[in-house]
Structure formats: structure tokens, C-alpha cells
Amino acid sequence: MGRSRRSYARLLLLGFLLLRFSWCLAVADDGGGAEEGGGIFPVVVSTWPFREAVRAAWEVVSASGGAGCSAVDAVVAGCSACEVLRCDGTVGPGGSPDENGETTLDALIMDGTTMEIGAVAAMRYVKDGIRAAKLVMDHTEHTLLVGEKATSFAISMGLVGPADLSSPESIGKWTIWRQNHCQPNFWKNVVPAGSCGPYNAIDVPSGESKASAKRVLERTQGDICQGLFEPNNLLEPMNSRLKIVNRHNHDTISMAVIDKMGRIAAGTSTNGATFKIPGRVGDGPIPGSSAYADDEVGACGATGDGDIMMRFLPCYQVVESMRRGMEPRDAAMDAILRIARKYPDFVGAVFAINKKGVHAGACHGWTFQYSVRNSSMQDVEVITVSP
């Protein structure tokens, strides 16, 4: 009789633990976001309130008829929808002109089951960034193709092109920027500092004082450089990154999907930083920076100042932290804080989702939102995370 009671108690405890793992109550946000959801597959998570992109991915991954479509197919569908809709002007063609007024695309897709990745960077004349990335994954042994050769590959594999990726909006934005003497921009330690290029490097000898460096500029640029420098950042224009980097000109859709079979995929698509130096590649097509996925652990997506964030591979860090036992919220906060300790003025965010479907977000320098849909929801829900 005693043994029977002990067995019954163990069953009750097991049931309670299973319930705890299936549902995770949202916790208060004290600087990094909340953990929500869990155990209800499929799941789609995306940066920002890109509801239509999440709906497109959900339609694919939740399709009736057995297992539905794969997580990889859903990510491609979701990011493709954002490219067509030109989400925030920062995804797909028609936005974020570079210094020459041209729009180029970066994209990545990662299969968390096989760890295969396909990516394209600085791709010209082809509108389908995420589909081009999937073609790289499906039909080559490579991970990343770039520039015009990425364009040639994508067209040879059946994507439409060549096509003009500019739009009246992007050309208008670029024209106004040129009229404003190409300010702000991403150059540093160059002359002319206050007008359009071509630029030349300033050779400042090691150990020379900030005052001496300023005199070099003043000799060549007169009074235009007065007041452009921060106290602790030699030759770095004051708040230049803060002027350039914000939600609507330096952004990415990053998406993760867990399908009905528990397979996980992640992907990104972006047209990069507005007024970037031609040839620049941000974090969008860099595995482990903009996105990362592993069926054994979970996935991550990132958005923000890719030039800073890619130096830390925040999404790889998030997934590895979860592998070591961190909850998604703690893993996301840890990745962001690692960057903030070195770059206290950076702007960025990540979301994390573990293989149980528990998700969370963390951000720095702005208020971040991410979108979620799972089988317990009637539609996409948007979660706000404060810095």
C-alpha cells in the first residue's frame, strides 16, 4: 500500500513538471524582456511588428495534412513576404540606398537540423534575397556568395533579373542626402569631413594628441569641423552612429520557426544600412550574428547596428548560452550586455527561443518589439521589450 502511494505521488509530480515545461508564465521586464509561451508547436517568431511576414510563415508551417511544411520553407515564405512588402523600407528592394544611390540585398537561411546555411551579400539586381540564399544552401557546397557573382548565380538558378532595386523613395532619400553634403555618413579619419567624397585618409601618428588631430582637419577644412568630436573618441563625429542608426534605416527581419516536428530554422533579409559605403556587408548574412538555429537547443534573431553586433556573434552566443542551461530571457540579456560593456552607445536587440518554444527578447538603445504566433493564438501577437 505504501509503495502504491509513493508511485501515485511520483506520477503527480511528473504531471506537474510536464505542465510547468508546457506553459511558462510571462515575467516582469526589468531591462531585458519577458519569457512567454512554450510547448505549443508550430511557432513563428520575428523581429518587429512584421505581422504579415509572420502570417505568411504561419500559413506554410501550420498547413493541414500531417506534418505541414518544414521550418525552412516557413522562414523563406515569411522573409519573402517582408521583401515584397518592403517592411519599414529596410527589407527587400526599394529602400536603404548606399552612397551611390543603389540598393543591394543581404540574406541568410539556416537549417537547424543539418546546420546547413545559405547566404548572399551585397547582391545586386535580384529582388528575392532570401530565395537566393536558399538556392545557395540547396545547390552549392558554399555558405555565402557576394556581389555581382551572387547575382549571376541567382539568375542562373531561375530567379528573375536583372532588375532595378531602387525606387522613387530610395532615390529621393539619396538626393536629399547628397544635397546635405552627404551627412551623416559612415566615414571616419578622412578628409573632407563635412562634404561628399572622394575621401582621403588622415595619417595621424601614433600617440599624437586629439588637439593635433583636430588641427589637421582645421588646416584642410577650415571651420567646418568645429564641434564635431566627442571627448573620448578621436576623430569620431559626435553622435554620428546615433544619427544614422535607428529603427527605420538600419534594420533587418530576422525570423525563427519551429515546425510541427520540432525542426528549427532561422533566417534574415535586409537591404542594409542607409547610405552605407558601397560594398559594405552587415550582420544580415553572417551566421551567428543576425540569426542562428540548432534543433538541439533553439534559435535566435538579431536586429540593429550590424557593424557593431557582428563583432560579437550575439545569436551564436544566445544559442550556446541556452545550450549550457540559461533560460531564453537570461541568454538574450547576456548577449546584449556583452556588447553594451564594450559599446555603451550601440543600438540593437535579439530574441531567443528554446526548443520548447519559450521565447524572450532583450535590447539596448531603443524599445524593441518582436512578433509571435503559435497554435494557442488566434493571430500574431506583438511583444514589447524595453531597454
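Start by selecting S46 in this predicted model, and then add M255, the residue of β9 that stands opposite S46. Widen the selection to residues 43–47, which form strand β1, and to residues 253–258, which form β9; these two strands run antiparallel and are joined by 4 bridges.

Next, show the whole sheet around them, which is open, has 8 strands with mixed pairing, and follows the order β4-β3-β2-β10-β9-β1-β15-β16. Select 144–146 for β4 and 381–385 for β16 to see the edges, where each strand has a single partner and therefore one side without a neighbour in the sheet. As you step across the sheet, the twist from one strand to the next averages 15 degrees.

From the β4 edge, move on to residues 147–156, helix α5, which lies across β4 and β3 (117–123) and runs at about 120 degrees to β3.

Then select residues 168–179, the 12 residues of helix α6, whose first and last C-alpha atoms are 16 Å apart, close to the 16 Å expected at 1.5 Å a residue. Just after α6 comes H181, which takes a positive phi of about 60 degrees.

Finally, colour the chain by pLDDT, for which the mean is 84, with 77% of the residues reaching 70 or more. Residues 1–34 have pLDDT below 50, and this stretch has 41 contacts in the model beyond near neighbours in sequence. Over residues 219–243 the pLDDT likewise stays under 50, and here the model has 46 contacts beyond four places in sequence. Where pLDDT is low, the predicted coordinates should not be read in detail.

Notes: Residues are numbered from 1 along each chain as its sequence is written. This is a predicted model: local features need pLDDT of at least 70, side-chain atom pairs count only at pLDDT 80 or more; totals for chains, interfaces and linings use all residues. Side-chain values use heavy atoms; hydrogens and water are left out. Two strands pair if DSSP finds at least two bridges between them. Axes are lines fitted to C-alpha atoms, for helices over the stretch in contact, and angles run from 0 to 180 degrees between N-to-C directions. Contact means heavy atoms within 4.5 Å. The expected span of a helix is 1.5 Å times one less than its number of residues. pLDDT is the predictor's confidence in each residue, from 0 to 100.
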